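Reader: I've just opened this one up and I'm new to it. Could you walk me through what you see, and how you know?

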Amino acid sequence: MIRLLHQRWFERALRTRIPFRYGIATMTEVPHVWLEVEAEIDGERVRGWAADHLPPKWFTKDPARSLPDEISDMRAVLRAAGTHAVRANGPTIDAIMAAVGEAQRVWAKAAGHPPLLANFGVTFIERALIDALCRRHRLTLHAALVRNAVGVDLGRWHDVLGGTTPSQGLPPAALGLAWARHTVGLGDPLEDAEVAEEGRPSDELPVSLSAVIRRYGQRHFKIKIAAGEADAVTRLAATVTVIARETGGRFSASLDGNETFANVAALQEFWARARAEPALAVLWPNVLFLEQPIARSVALSEAVGEGLRAWPERPPLLIDESGADPGDTRMALDLGYAGVSHKNCKGVLQGVANACLLAQRRTTEPGRAFIMSGEDLANVGPLALPQDLAVQAALGNTSIERNGHHYFAGLSEWSSATCDYACGAYPDLYRAGSAGWPTLRIGHGQLQLASVNRQAFGGEREPLMAPAGVPWFEA
């Protein structure tokens, strides 16, 4: 039996070292929120934690909404989830989250919040309870999932999975190594000469794409594209030219459309123009997939399905922002999409269910590619990043978008005690920087995941974060 006894929410602002332009937003500062819960699990009181950014213009992408209003909405969603979880109890985490999630959905519909945003608050509770459960039973996250200690009822998430267990769809062991897929933002400088001196950060970290590749040995990339920009193909070609030169042509890349295409016809037109560009010839054999190119308002419509069926030579298309509800992934696959992204902000249990659905589809439809992509919201340590990586490793996602270490200066804005905690808990993930704060350890374009698999959920160390933030909700 599990009972949620107490929760405390904290927040602080984190500043980027360089601006991050994604879609219609450019991030230079973002609120970072973390949650500490105390729960009684099988007769023992134990604590658990979760954390994430409040990223503007991702959950809604409403150009008419101000940034302060969007951040206020995100805080309201988190508070509501916390309120719905007060003294929550049940036999399993999945059962508790089903009840909290339903209360959140009813509240969000009345308040006018979309499902993707509403569920964001629920995932905080879910992640903190999973952390507490792993601590209570001395389990790693992967063990808790494949043994189904979290009590996932896969049939609740996808009816075709009724009677199956997570061990049938998840890898037998968590990944120990994964590619760090570097994000190339729409405004990122590609060459050192493009970096303006007045905007150059004072830290030791690289800024231009070419410098990033030389520093980390990157081989996997995520390239942002924007349909509405006249020079979109030119920008893509310039980006790929740098990548091909610096990697000797040995690379893999995903493309992110950021919902900027109105329909399949617009996407096809862009794709044809890009395919006709000689400088992009090196890209096509190395494309992994194209992520969320079409606006979420129509991405799962039958009109899009008709367009995809009429375009058999299309690249693998994934949904990201469209994957708000459990049924969205099934709908996307039926329409012709190849898969779905995982971010912890969409839910660990939902990610497990989606991974199991994709595994089943690979068996029943062997002629199709079914893909789960590891994606990112500029996650940073000491808590959000390791937890996200641990989930990606448990799901078996071998290429994981990482950009927080590039747009934020390592753990420079955290206390020395927090930095010491991160280096001690994750010695293969962080290294001490010459400036006195830890930076992410990427070697040959890859991340070592052994310590996050042991420590990010459960583990023997408790995160040292609370003194660095302002408490704003307690129940």
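Author: Happy to. This is a predicted model, and its largest pocket holds about 290 Å³ of space. The lining of that pocket counts 19 residues, and G101, R105, N119, W157 and Q350 are the closest to its centre.

Reader: What makes a residue part of the lining?

Author: A lining residue has an atom within 4 Å of a pocket point.

Reader: Which helix gives the largest share of the lining?

Author: That's α3, with six residues. At least two residues each come from α2 (93-111), α3 (115-137) and α5 (154-157). By class, the lining has eight nonpolar, six polar and five charged residues.

Reader: Now the cysteines. How many disulfides does a search of the whole structure find?

Author: Zero. A disulfide needs two cysteine sulfurs within 2.5 Å.

Reader: Why does C356 have no such bond?

Author: Its closest cysteine sulfur, in C134, is 16 Å away, so the gap is too far for a bond.

Reader: And what about C423, why is there no bond to C419?

Author: The sulfur of C419 is the closest one to the sulfur of C423, but they are 6.8 Å apart, so that's too far as well.

Reader: Why is C356 called buried?

Author: Buried means under 20% relative accessible area. C356 has 5%, so C356 counts as buried.

Reader: What makes C423 partly exposed?

Author: Partly exposed lies between the 20% limit for buried and the 50% limit for exposed. C423 has a relative accessible area of 26%, so partly exposed is the right label.

Conventions
Residues are numbered from 1 along each chain as its sequence is written. This is a predicted model: local features need pLDDT of at least 70, side-chain atom pairs count only at pLDDT 80 or more; totals for chains, interfaces and linings use all residues. Side-chain values use heavy atoms; hydrogens and water are left out. Buried means under 20% relative accessible area, exposed over 50%, partly exposed in between (1.4 Å probe, protein chains only). On a 1 Å grid over the protein atoms alone, a cavity is a set of points where a 1.4 Å probe fits but cannot get out, and a pocket is an open set with protein on both sides within 12 Å along at least five of seven lines; lining residues have an atom within 4 Å of a point. Grid points are joined across faces, edges and corners, and a volume is the space filled by probe spheres set on the points. Helices (H or I, at least four residues) and strands (E, at least two) are DSSP runs, numbered from the N terminus. Ala, Val, Leu, Ile, Met, Phe, Trp, Tyr, Cys and Pro count as nonpolar, Asp, Glu, Lys and Arg as charged, and the others, Gly among them, as polar.
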